[in-house]
Amino acid sequence: MIQKTNDHLEHCIKVEGLKKTFLNGTVPVEVLKGLDFTIAPGEFVSIMGPSGSGKSTLLYLLGALDTSSEGAVLLNGKNLGSMKAREKRVLRRRELGFVFQFYNLVPNLTVEENILLPIILDGKPIKKYKKRLEELLHIIGMEDRRTHTPKKLSGGQQQRVAVARALIFNPDVLLLDEPTGNLDSTNSESLMKLIVDINRTFKTTVVQVTHSDKFAAWGHRIIHLEDGLLQKQA
Amino acid sequence: MFAGETHKLDIVGIASNQGVFYGDTNRGFEVVVPHEYVAGTLGVEGLYNHVVAVKSGDTLETSLNHFNEANQEYRGIPLYNEDLVASMVSQQVNALLFMLVFIVLVSGVIIYGAFKLIVTERRRVIGTFLSQGATKGTIRRILFLESFVYGVIGGGLGIALGIGILYFLNDYGSPLRAYGMVEPFRFEGILILYAMLFSIGFAMVSALFPVYRSARREVKNIILDIREAHKRKRFVSFAVGLVLLSGSAILSYAYPSMAVNLAPLLMMAAIVGVLMIYPHVMNVLVSLLFRRLLPYLRMTALSMQNVRTSSALRGNISVIVIAAISVVTVVSLSSSMVRIVTDAFDSMRFDIYVSNIQANDFESRSAMLQRLRDDERIVSKSIMETTMEEGSVNGEFAVAEGIDPALFDDFTAYIDFINKDGDNMLEPLKATEERNTVIATTTAKRLGLDVGSAVDLDINGIVKTYNVTGIVDVRLWNTRDMFFVNLQNLREDHHVDHGRIYFDTNEDPDTLASELQDYFRRFGGIVQTRDETRDINIENNHQLSRMLSAFSLFAIVIGSFGALNNMFISYLQRKRDFAVLESLGTHKGQRNRILLGESLFCVVFAMLVVMLYGTFHARLVGQVASFILLPMDIRFSFMEMLPFLLASIVIYTFATLPLLSKTKKLNVIEEMKME
């Protein structure tokens with residue numbers, strides 16, 4: 001069993017009075033209007049809601065890719081709002097894994113190199129992560145595609161590589177922004193099985209934004225957003 | 001001093017070093033005085049050596065014929081020979097046109113890149129137009145019209161800037177500006193029209209490929225920026241490049257005489273070949289290095305990988321390669337010129353040279369030579385006279401060089417007068433009554449002459465028939481295009497009165513030359529030591545080098561703008577990749593290191609390409625030089641290139657700095673959201 005740094009904590013993610021306002025030209029638009037919820041370590045949470053409800057904005061705030069206008073996001077007890085940019089970068093590399101709808105692999109790197117990218121950028125010795133790489137390649141079932149570049153892979157395969165890349169540092173939290181949004185049903189199902197396996201095997205906290213009722217139900221809990229407000233939790 | 005007396009004259013004006021003052025040096029120079037003053041002093045009022053007049057008939061030729069038919073005692077000749085003037089400036093003009101090719105190439109690649117950027121940035125708009133029913137032709141017409149407008153605006157600005165720079169150069173470049181003498185600024189208005197037409201045409205031709213490609217893909221692929229792989233096309237480009245480069249190399253080395261005739265084409269083929277081959281060489285090289293470097297030099301390895309896979313960055317290498325080739329051309333040409341001139345003077349046996357001697361009678365010349373023979377400091381047997389005179393052969397411009405065939409071969413080891421049968425070509429020239437001539441290979445080629453040909457040589461209006469008894473490669477000797485004839489023939493048959501004298505001394509040449517200048521001044525003679533003559537020659541060649549260097553610098557500066565443009569294109573194309581890196585925790589320093597690394601790798605790789613190609617290019621420059629009748633052995637020197645290469649690295653690296661500030665505005669979320 002893999003130990004997580006947040007095993008002893010009550011909340012892996014804690015969101016308090018979270019607000020986010022964008023400027024549409026000169027007009028301020030409040031996307032998130034004050035959210036409060038918690039996510040426990042090892043929990044698999046799905047965030048749903050109609051377009052423009054603020055799902056992705058919430059995910060980017062959880063992923064330290066954006067800053068809130070008001071309120072706080074606490075990850076393993078650390079307030080993201082009070083962290084310096086450098087600390088956030090280290091956090092993104094080591095404690096968070098992010099998977100995007102459009103895979104976002106680096107096109108001129110191979111599968112192996114894409115998975116190792118966070119290690120390359122972090123400056124850690126690549127050799128030390130060879131075993132982890134092999135493990136992830138085995139989990140995503142792409143040992144025979146390790147030297148392929150993204151353009152030679154299907155959408156499903158690319159998204160698996162994106163998941164493996166997000167897991168190379170064995171992060172506490174895996175954030176997924178509509179991971180099946182660009183995949184067919186077979187690939188979507190296969191990917192979701194992989195994510196569930198990861199959640200179970202590694203006790204990784206998973207937060208996914210999805211439009212799919214079916215795949216949202218694969219998580220432990222669903223958070224519904226509407227007009228920037230939490231409507232219900234199921 | 002003239003007529004044996006010293007005259008005190010007031011200087012009332014100083015003329016620039018041109019026209020009748022062209023040959024002036026600090027030891028010997030021309031002064032203009034009223035004719036009446038000289039005539040009065042000499043007691044020859046009403047007499048003239050030369051009378052200058054404008055033509056009275058429709059053409060100069062008919063006017064001269066009319067004058068010469070009416071006057072038996074006087075002979076009219078053209079004041080200057082247009083062919084000679086054209087021949088004198090043709091080297092400079094050809095050399096500048098040659099360098100213009102590089103500027104045009106660099107600019108073409110840049111405009112191509114700019115239009116690629118325009119198309120890249122607007123692909124969604126183009127896709128939307130197409131999805132709403134616009135035809136590919138409509139899109140292309142719109143973009144072509146844009147290129148036309150860019151041509152007009154760019155041409156207008158360029159012309160205005162060009163005229164401004166010319167005015168500035170004319171004003172500040174006038175050699176006697178300190179004396180308040182500035183050359184009048186001259187500019188032909190028709191050039192504005194030509195420049196504008198060139199600008200528009202050039203912009204449209206350079207935009208041809210990006211405009212054509214803008215609407216070639218499927219509409220969905222244009223909107224989503226999905227690119228199809230063209231592996232086969234890539235192989236074809238490598239194969240074509242290899243054929244062009246190896247073909248020009250085979251012709252250049254195996255068939256050098258044919259290569260000279262095709263030299264400009266061979267050079268273009270070789271450069272295009274290099275530009276087509278290097279991406280494939282880089283592909284192999286970076287593929288080999290990337291995995292090995294990645295654990296140790298991570299950002300460098302990523303930069304190299306980016307350059308390998310980004311067509312825009314490869315375009316960057318192309319721009320730098322072309323600009324650097326122009327530098328190789330100029331540096332090789334300049335250093336070779338200096339080396340050739342130095343070698344030539346080293347191989348000539350003389351210490352002192354007297355030129356511009358205007359002694360129009362046998363007695364004066366005899367006295368002059370006797371003065372030299374009587375001087376114990378001068379090696380008597382080394383005294384040699386030569387002269388050069390313009391004329392014509394069968395209506396074509398020709399230069400006759402009068403030499404002493406007994407001394408000339410010994411005088412210069414620079415020209416090899418021994419023919420393939422082992423005979424000295426100068427021997428037949430000794431028989432003055434036979435009127436034999438040895439001609440330069442350039443002359444033979446230009447006039448279609450061969451050994452055995454008979455030519456009617458018209459010098460000073462006196463036509464005599466000469467037999468071509470030899471053809472010799474004179475390399476860079478004088479005008480490189482001449483008839484060697486016995487000096488005696490020129491003197492006696494054609495009444496050539498001026499000349500030059502070369503001789504050796506067993507004393508210090510500088511002291512003797514200064515002393516002799518006083519004596520030769522009365523004959524208009526200018527005395528120079530060998531070192532002075534060599535330095536003047538080198539300086540004359542340096543002027544050409546400086547002009548070429550200015551063009552080369554121009555190519556580098558334009559190239560650096562192109563490099564920045566390509567970096568922007570490449571960045572726009574890879575914005576999402578940088579956003580991915582940002583989302584994975586890359587910091588600004590790492591991103592900047594990647595971008596600077598890309599820039600540095602481009603310039604270093606481009607330099608590597610140029611270094612490898614340099615030796616062959618220098619050979620081609622030599623063959624192009626021969627093609628424009630400036631035959632010389634051009635060599636490539638890495639050490640001479642080094643400062644220029646280092647400067648290029650600095651310039652191109654600095655050119656990427658504006659990009660670094662632009663990347664600060666990268667919006668990770670926006671980039672990641674979009675497909």
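Me: Which residues do ring pairs link into a cluster in chain B, and how is a ring pair recognised?
Reply: Rings of Phe, Tyr and Trp (its six-membered ring) pair if their centres lie within 6.5 Å, and planes under 30 degrees apart count as stacked, over 60 as edge-to-face and the rest as tilted. Here such pairs link B:Phe345, B:Phe350, B:Tyr353, B:Phe408, B:Phe411, B:Phe417, B:Trp477, B:Phe484 and B:Tyr502 into a cluster. This is a predicted model, in which local features need pLDDT of at least 70 and side-chain atom pairs count only at pLDDT 80 or more, while totals for chains, interfaces and linings use all residues. Residues are numbered from 1 along each chain as its sequence is written, chains are lettered from A and ligands numbered from 1 in the order in which they are written, and side-chain values use heavy atoms, with hydrogens and water left out.

Me: How many aromatic pairs are found over all chains?
Reply: The search of the whole structure gives 24 aromatic pairs. One of them joins B:Phe417 and B:Phe484, which are edge-to-face, 5.5 Å centre to centre with 75° between the planes. Helices (H or I, at least four residues) and strands (E, at least two) are DSSP runs, numbered from the N terminus. Because B:Phe417 lies in the loop between helix 15 (405–411) and strand 4 (436–440) of chain B, and B:Phe484 in strand 7 (residues 483–486) of chain B, the pair ties together parts that are 67 residues apart in sequence.

Me: Is B:Phe417 buried or exposed?
Reply: Buried means under 20% relative accessible area, exposed over 50%, and partly exposed in between (1.4 Å probe, protein chains only). B:Phe417, at 1% relative accessibility, counts as buried, and B:Phe484, at 0% relative accessibility, counts as buried too.

Me: How much area do chain A and chain B bury between them?
Reply: The size of an interface is often given as the accessible area lost when the parts come together. Buried area is that accessible area (1.4 Å probe), summed over both parts; chain A and chain B bury about 2600 Å² between them, 60% of it on carbon and sulfur atoms. In chain A, the residues that lose the most area to chain B are A:Phe102, A:Asn108 and A:Leu121, together 24% of what that side buries.

Me: How many salt bridges are there between chain A and chain B?
Reply: A salt bridge is a side-chain nitrogen of Lys or Arg within 4 Å of a carboxyl oxygen of Asp or Glu. The count between the two chains is 2, and A:Glu113 forms a salt bridge with B:Arg291, with the closest N and O atoms 3.3 Å apart.

Terms used:
Buried area is the accessible area (1.4 Å probe) that two parts lose on being put together, summed over both.
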